[in-house]
Amino acid sequence: MPLMCGFSIMVIPDKNYFRIGEVSKILGVEPYVVRYWESEFRSVRPVRTRSDQRLYRKKDVEQLITIKNLLYKEMFTIAGARKKLTDINRGKEVAPFDESDKLIDIKRRLREIREVVS
């Protein structure tokens, strides 16, 4: 699933769980940055395996993309991005809009149509 972030397009593969290396490649940041954002934003909570590996769900990756947009594109501080993300998640405010939002909505609607047709 392609998502826009600044000037690059991020593609989220169609799978349920992602390891931290995959997430860092999708976001274009180092794994330590992903771990830091995880510690700063409560909405990102990967599942831990028995061997203590992080497995990020698709919703975690989408939250991380929003966080990256807020920090790098919108130029929020960590505290400001945390507050903005809380507002977005509570429905008080709409996430920063870019063309990827249209693609996400289209994909969701196509899945709904596929379920009806099947």
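Good morning. I begin with the largest nonpolar core, which has 21 residues; among these, Trp37 and Leu64 touch the most other members. Four elements give two or more residues to this core: helix H1, residues 20-27, helix H2, residues 31-40, helix H3, residues 58-73, and helix H4, residues 78-89. The most is given by H3, with 6 residues. As general background, nonpolar side chains tend to be buried together in soluble globular proteins.

I should state at once that this is a predicted model. The mean pLDDT of the chain is 85, and 82% of the residues score at least 70. Among the elements, H2 has the highest mean pLDDT, 96, whereas strand E1, residues 2-5, has the lowest, 49. Over residues 3-7 the pLDDT falls below 50, although this stretch has 17 contacts in the model beyond near neighbours in sequence. Where pLDDT is low, the predicted coordinates should not be read in detail.

Let me now place the core within the chain. There are 5 helices and 5 strands, and along the sequence they follow the pattern β-β-β-α-α-β-β-α-α-α. Of the 118 residues in the chain, 34% are buried. If one takes the contacts with a separation of 6 or more, 52% of them are between residues 24 or more positions apart.

I turn to the helices, starting with H1. Which residues of H1 are buried? They are Ile20, Val23, Ser24, Ile26 and Leu27. These residues lie on the same side of H1, because they cover an arc of only 160° around the axis. Just after H1 comes glycine 28, with a positive phi of about 80°.

H2 can be described in similar terms. Its buried residues include Val33, Val34, Trp37 and Glu38. They line one face of the helix, since they fall within an arc of 140° when seen down the axis of H2. The general background is that an α-helix has 3.6 residues a turn, so residues three or four places apart point the same way. On the other side of H2, Tyr32 and Ser39 are exposed. What covers the buried residues of H2? The covering elements include H1, H3 and H4, together with strands E4 and E5.

Tryptophan 37 deserves a closer description. With a relative accessibility of 3%, tryptophan 37 counts as buried, because the cut-off is under 20%. Leaving aside residues up to four places away in sequence, tryptophan 37 touches Leu27, Val29, Leu64, Ile67, Lys68, Leu71, Tyr72 and Ile78. One of these contacts, Tyr72, leads to the next point.

The structure holds 1 aromatic pair. Tryptophan 37 and tyrosine 72 form this pair in an edge-to-face arrangement, at 5.9 Å centre to centre and with 75° between the planes. Because tryptophan 37 lies in helix H2 and tyrosine 72 in helix H3, the pair ties together parts that are 35 residues apart in sequence. Tyrosine 72 itself is partly exposed, with a relative accessible area of 45%.

Beyond H3 there is a further aromatic residue, phenylalanine 76, in the loop between H3 and H4. At a relative accessible area of 28%, phenylalanine 76 is partly exposed. Its contacts, not counting residues up to four places away in sequence, are with Leu70, Leu71, Ala81 and Lys84.

Finally, the sheet. In what order do the strands of the open sheet lie? The order of its 3 strands is E3-E5-E4, with antiparallel pairing. Strand E3, residues 17-19, and strand E4, residues 47-48, are the edge strands, each pairing on one side only.

E3 pairs with strand E5, residues 54-57, over 3 bridges in the antiparallel sense. Within that pairing, phenylalanine 18 has tyrosine 56 of E5 as its bridge partner, and arginine 19 has leucine 55 of E5.

E4 and E5 are also antiparallel, and they pair over 2 bridges. Here the bridge partner of arginine 48 is arginine 54 in E5. These two strands form a hairpin with 5 residues between them, and aspartate 52 in the turn has a positive phi of about 70°.

To close, I return to tryptophan 37: this residue is one of the two that touch the most other members of the largest nonpolar core, and tryptophan 37 is also part of the edge-to-face pair with tyrosine 72. Thank you for your attention.

Note on methods:
Residues are numbered from 1 along each chain as its sequence is written. Side-chain values use heavy atoms; hydrogens and water are left out. A nonpolar core is a set of buried Ala, Val, Leu, Ile, Met, Phe, Trp, Tyr and Cys residues joined through side-chain atoms within 4.5 Å. Buried means under 20% relative accessible area, exposed over 50%, partly exposed in between (1.4 Å probe, protein chains only). Contact means heavy atoms within 4.5 Å. The arc is that of the directions from the helix axis to the C-beta atoms. pLDDT is the predictor's confidence in each residue, from 0 to 100. Rings of Phe, Tyr and Trp (its six-membered ring) pair if their centres lie within 6.5 Å; planes under 30 degrees apart count as stacked, over 60 as edge-to-face and the rest as tilted. Two strands pair if DSSP finds at least two bridges between them.
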